[in-house]
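Please examine the structure shown below before reading the report that follows. The text begins with one pair of strands and then widens to the sheet, its helices and the chain as a whole.

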Amino acid sequence: MAKTTKKETTDKKNESKTDTKRSWNLSKQQKFVLGCLLVLFSIALLVAFISFYVNGQWQTDQSAVSQLDDRSEEVQNWLGKFGAYLADLIVYRGFGLASFIVVRLLFLTGLFLALEMSTKRLKSIWFWDLFAIIIVSVLFGFFATSAPELGGTIGYELNLFLQDYIGKTGTLLTLLFGLIVYLIFKIKVSPEKIQSYFDSTKNELKSELNSIKKPQQQDPESAYNLEEFAIEEEYPELDNIHLKKDDTKFEINKEALKPTITNSSEIDLNPILKPVEMNINPVTEVPVHHNEEFVIEKAEEEDIIEENLASRLVADFGLFDPTLDLSNYKFPTIDLLKEYSTGGITINQEELEENKNKIVDTLRNYKIEIAQIKATVGPSVTLYEIVPEAGIRISKIKSLEDDIALSLSALGIRIIAPIPGKGTIGIEVPNKTPTMVSMKSVIGSAKFQEAEMELPIALGKTISNETFVVDLAKMPHLLMAGATGQGKSVGLNAVLTSLLYKKHPAEVKFVLVDPKKVELTLFNKIERHYLAKLPDTEDAIITDNAKVVNTLNSLCTEMDNRYSLLKDAMVRNIKEYNEKFKSRKLNPEAGHRFLPYIVLVVDEFADLIMTAGKEVEIPIARLAQLARAIGIHLIIATQRPSVNVITGLIKANFPARIAFRVTSKIDSRTILDTQGADQLIGRGDLLYSNGNDVIRVQCAFIDTPEVEKITDFIGSQKAYATAYLLPEFVGEETGINLDMDISERDTLFREAAEIIVNAQQGSASLLQRKLKLGYNRAGRLIDQLEAAGIVGPFEGSKARNVNILDLSALDQFFNNEQN
């Protein structure tokens, strides 16, 4: 019971402390009123102090100050008895003439409060103004002992106190040292400035003396020759240099001339001879900030380029122009995208301070002291970088992740210990009011528009508010995972939009696989511009999983064909091949052609694995292993990052991974090989990994109407005759190369046909069971039945279709064959 009562008393004390802290927080109205009061009071003090010194009123009013109760007593002060009292208290009994600094101090404090300016600078003003008040007051007390109104009582007494202990000389030296400190640290007077001042005055004196020595009547030509003679006399190195004559007056910067002479034998004096009226850019001094425990950093806003720079690069392809067929193609404009955010990131000072205090207090409860803490504000997350005191274990801070999350009452606390490349520990805390990152701000950024990459992708913005741009050609394949509704489809749209804004239809083609049937259908409008498909297929966007196997195998065939072209051209990759082809060093009659990049996008990979299994995994693994050099890149997305979907064979060939929020740490380790994706806040918050580093990015948001506008803009333009055709793939069991001779059919052919028609199921395993055959003979029978047209073609793991409905129809089929 004693423990609980002690705890209750401590809680009550803490509550009372917090209540007193809260009571000091002023509202905007209270700050404005208090600021106005201080400004007006400072003006009143200025009037009282000025009238104190005018006509020696301080002497006449001094007797009246002691008799404030007597209303009949008259005073000379312009502010009446109250002004006389204040002047006597602050000036005469206080600091003398230094009291005018008090007026300045109160006036600036009132302005800072009324206008809600930063209090950091106000602290510096208070410190240096109080320092100046003491120094000036003691200085007047030292030199003006006979005039006490100049130094004030405090200045006079402090002067006597110092003289009693260190004498007059020591007092003077102390005051001199105080002045030097004020000049150097407050007014920023440096030895270099003093030296440059004396040098400038010396040069002015020289020029005046030279003008006095010159004769009064002198033509401009002779004056010019005298100036030239003076230069030659002072600098004998310039004997062989001829100065260009000009009617304009000029000055010679001799300081700039000297190093030029010593460094080079050929000197052009034209840049050195400057006109008299010169624009001199002053050297801006970096403001000196005092060391604070808590520093808030805000990244500078990036420049937005309103014009899509890719439109300027259409015809810059050397001798052969692959864009010639669509030479009038116009890239989509940036104004097709919508600006969702109102502007830059807004910094909530109170939220930052509150979170900082909670982090410090939580760590201090576990006896972890912090030397420094810095906050970097991002669109949706703020990174607090802390530097712990020496001797603190990093693992100890890492283990307090849940405790810090509890104290902050926030979702998605993530600790990076340590931050790669820095000697700090990072704590990522979600913002209470996140800022949406629009696709327009990312596409329009200079970093994306000026990116010199083969396949640039603008994913979004980092914690430091920088546009995050990566090259798909360098990845070379991308694996995306995340729970339902966390932003995968928006991320895929952002990837595709980035490439549409940067690459011409001749340069890149997309193979889109959309098992959901609704996510990528908008891109149907650009089929003849950007999409690739198999011959004799209606839709370029694949929504049927049965057709995916043929498409993947067709891409493998395309890969093999391209490698043959690279081998004949004696180059190593697609970039070198295309450059050689554009330089007309490869003969199109030998089969050579310009090779566009091919990007395969699969929106839901888990569904493919469930329906097709190994038939999908093997060609995807083969493409991931070999297709990088010939320009085929894979982007695979799944909402179930389990080990049976993302197998070891696939993970080994997808070094670049994007993880949106997942439900468990196991899923996070599956996709990223580390935890962290389970602590994201969702709505486009992602982790990007391409090796060891993990970068947190807020994915750019692009809505369906924006994608529709872009595809409409592209689709309305002139296009190719058809979509880009992939090579036709013929499966090993399609029956094209099967024996069509009836005489060479198996002896069990008719019996096998009857079994298949009865069961209405065309599979080799059924024949194995019914006829007690081996797999090879049963497979040959199925091939013969397919060649005869009794069963349909191979459809992956599904059973073949039976084209004959009953035995009577089968008998009629055989009779027709014999006839």
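## A strand pair and its sheet

In this predicted model, strand 8 (residues 456–462) and strand 9 run antiparallel and are joined by 5 bridges. Within this pair, G460 stands opposite F468 of strand 9. The two strands form a hairpin with 4 residues between them, and N465 in the turn has a positive phi of about 65 degrees.

Is strand 9 mostly covered or mostly uncovered? Strand 9 (residues 467–471) is mostly covered, as 5 of its 5 residues are buried. T467, V469 and D471 point one way from the strand, F468 and V470 point the other way, and all are buried.

Strands 8 and 9 belong to an open sheet of 9 strands with mixed pairing, in the order 9-8-17-16-15-10-14-13-11. Strand 9 and strand 11 (508–513) stand at the edges; each has a single partner strand, so one side of each is left without a neighbour in the sheet. From one strand to the next, the twist averages 30 degrees. In general, strands of a sheet pair through backbone hydrogen bonds, in either a parallel or an antiparallel manner. Here, strand 10 (residues 478–481) and strand 14 (residues 632–638) pair in the parallel sense over 4 bridges. In this pair, M480 stands opposite A637 of strand 14.

## Helices against the sheet

Two helices that contact strands of the sheet are set out below.

| Helix | Strands touched | Angle to a strand |
|---|---|---|
| Helix 16 (residues 488–502) | strands 8, 10, 11, 13 (597–602), 14 and 17 (694–699) | about 130 degrees to strand 8 |
| Helix 23 (residues 665–672) | strands 10, 15 (656–659) and 16 (685–690) | about 155 degrees to strand 15 |

N493 lies in helix 16. Why does N493 count as buried? Its relative accessibility is 11%, and buried means under 20%. Not counting residues up to four places away in sequence, N493 touches L520, F523, I702 and V707.

Helix 21 (residues 614–626) offers a simple check of geometry. At 1.5 Å a residue, its 13 residues should span 18 Å, and its end C-alpha atoms are 18 Å apart, which agrees. The buried residues of helix 21 are V616, E617, P619, I620, A621, L623 and A624. Among the elements that cover these residues are helix 18 (545–569), helix 20 (605–612), strand 14 and helix 22 (648–651).

## The chain as a whole

The chain contains 28 helices and 18 strands. Of its 819 residues, 44% count as buried. Among contacts with a separation of 6 or more, 67% are between residues 24 or more positions apart. The chain exposes about 45900 Å², of which carbon and sulfur atoms supply 54%.

## Confidence in the prediction

The average pLDDT of the chain is 78, and 77% of the residues score at least 70. Which stretches stay under 50? One of them is residues 214–292, for which the model has 50 contacts beyond four places in sequence. Another is residues 733–739, with 12 such contacts. Where pLDDT is low, the predicted coordinates should not be read in detail.

Note on methods: Residues numbered from 1 in each chain as written. Predicted model: local features only at pLDDT ≥ 70, side-chain atom pairs only at ≥ 80, totals over all residues. Heavy atoms only, no water. Buried < 20%, exposed > 50% of the residue type's maximum accessible area, 1.4 Å probe, protein only. Pairing = 2+ DSSP bridges. Axes fitted to C-alpha atoms, helices over the stretch in contact; angles between N-to-C directions. Contact = heavy atoms within 4.5 Å. Areas by Shrake-Rupley, 256 points an atom, 1.4 Å probe, with all protein chains shown as cover. Expected span 1.5 Å × (residues − 1). pLDDT = per-residue confidence, 0-100.
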